Structures are given as C-alpha cells and as structure tokens.
Amino acid sequence: MKQGIYRRFARYVLPSVTGMLVSSLYVVVDGIFVGRFIGADGIAAINLIWPFIAVFIAVTMMIGIGGAALMSHALGAGEQEQPKASFTSPFGCSWHFQRCFHSVVCYCHSFFAALWVRMKPYSPCV
C-alpha cells in the first residue's frame, strides 16, 4: 500500500510536534504553580536553571535523533551489525554527557544551595 508523501510525513511529524507541545505546556503550568505558590523568587530560580535544562535536553535529543538516523540508514541498506552499534552508541554517549553535566552541577553546588536556602522559607512543601 503506497501512501502519499504528505500523509507519510504527517505520520512521522505529528508525534514529535505533540511531544514538543506537551513539553512546552509542562513548562507553562510549572511556571504558573511556582509563581502562584512561591512567587517571584521561584520564577527567578526557574529562569536561572532553565538554560542548563534546555542545553541538556537539546544535546540528548541531538544524540538520540542522530543515532536513530544512523540506525535507519543502516537498516535500509540491509546491514546486520551496523544497526546494533548505531543503537547502543548513543546510549553510551548520552551516559557520558550526563556524567559531565552532573559534574558541572556538582561543581556549582554552592550556587544552587544558595538558591535553595533563599527559596526554602517560601516553599509550602518543605
């Protein structure tokens, strides 16, 4: 059964777009709750940490999508071993990136701890 190019494109694009919309909605709802219950300091803390989170998401998506493209290319070419390597390599790469990211966060621990101490009196959960 042959599908049109637009129908096939929509079949692959719609889940990605839906995922990004849900992720964006999460950020908006999180901002509303933090702003409502913690206030301006909470919004400031989110705005300080968000660039780190955005870089983390961007790099891990780049690694994952690149690995998926390599695996798809190898499967389409009929290769047997290359798809396995293309599937496992991004996991290792993401793991190493996560360790580096964690090291940076631990190195900046005093900065994040100072934010936490400043936020603690305003938090209804702590």
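Me: Is Ile-65 buried or exposed?
Reply: In this predicted model, Ile-65 sits in helix 2. A residue needs over 50% relative accessible area to be called exposed. Ile-65 has 55% relative accessibility, so the residue counts as exposed.

Me: Which element gives the most to the nonpolar patch?
Reply: The patch covers about 740 Å² of surface, and Ile-65 is one of its residues, along with others including Met-20, Tyr-26 and Trp-50. Helix 1 (5-37) and helix 2 (40-76) are the elements that give two or more residues to this patch. With five residues, the top contributor is helix 2.

Me: How far apart are the end C-alpha atoms of helix 2?
Reply: Helix 2 has 37 residues, and at 1.5 Å a residue they should span 54 Å. The distance in the model agrees with that expectation, because the end C-alpha atoms are apart by 52 Å.

Me: Where in helix 2 does the kink lie?
Reply: Helix 2 bends by about 35 degrees at one place. The proline Pro-51 follows shortly after the kink, which lies at Ile-49.

Me: Is Gly-42 buried or exposed?
Reply: Gly-42 lies in helix 2. Buried means under 20% relative accessible area. Gly-42 has 2% relative accessibility, so this glycine counts as buried.

Me: What separates the C-alpha atoms of Gly-42 and Gly-31?
Reply: These two glycines, Gly-42 and Gly-31, are eleven residues apart along the chain. In space, their C-alpha atoms are separated by 8.6 Å.

Conventions
Residues are numbered from 1 along each chain as its sequence is written. This is a predicted model: local features need pLDDT of at least 70, side-chain atom pairs count only at pLDDT 80 or more; totals for chains, interfaces and linings use all residues. Side-chain values use heavy atoms; hydrogens and water are left out. Patches are made of residues with over 30% relative accessible area and no salt bridge: like charges are joined within 9 Å, nonpolar side chains (Val, Leu, Ile, Met, Phe, Trp, Tyr) within 5 Å. Accessible areas come from the Shrake-Rupley method with a 1.4 Å probe; for residues, only the protein chains shown count as cover. A salt bridge is a side-chain nitrogen of Lys or Arg within 4 Å of a carboxyl oxygen of Asp or Glu. Helices (H or I, at least four residues) and strands (E, at least two) are DSSP runs, numbered from the N terminus. Buried means under 20% relative accessible area, exposed over 50%, partly exposed in between (1.4 Å probe, protein chains only). The expected span of a helix is 1.5 Å times one less than its number of residues. The bend at a residue is the angle between axes fitted to the seven residues ending there and the seven starting there.
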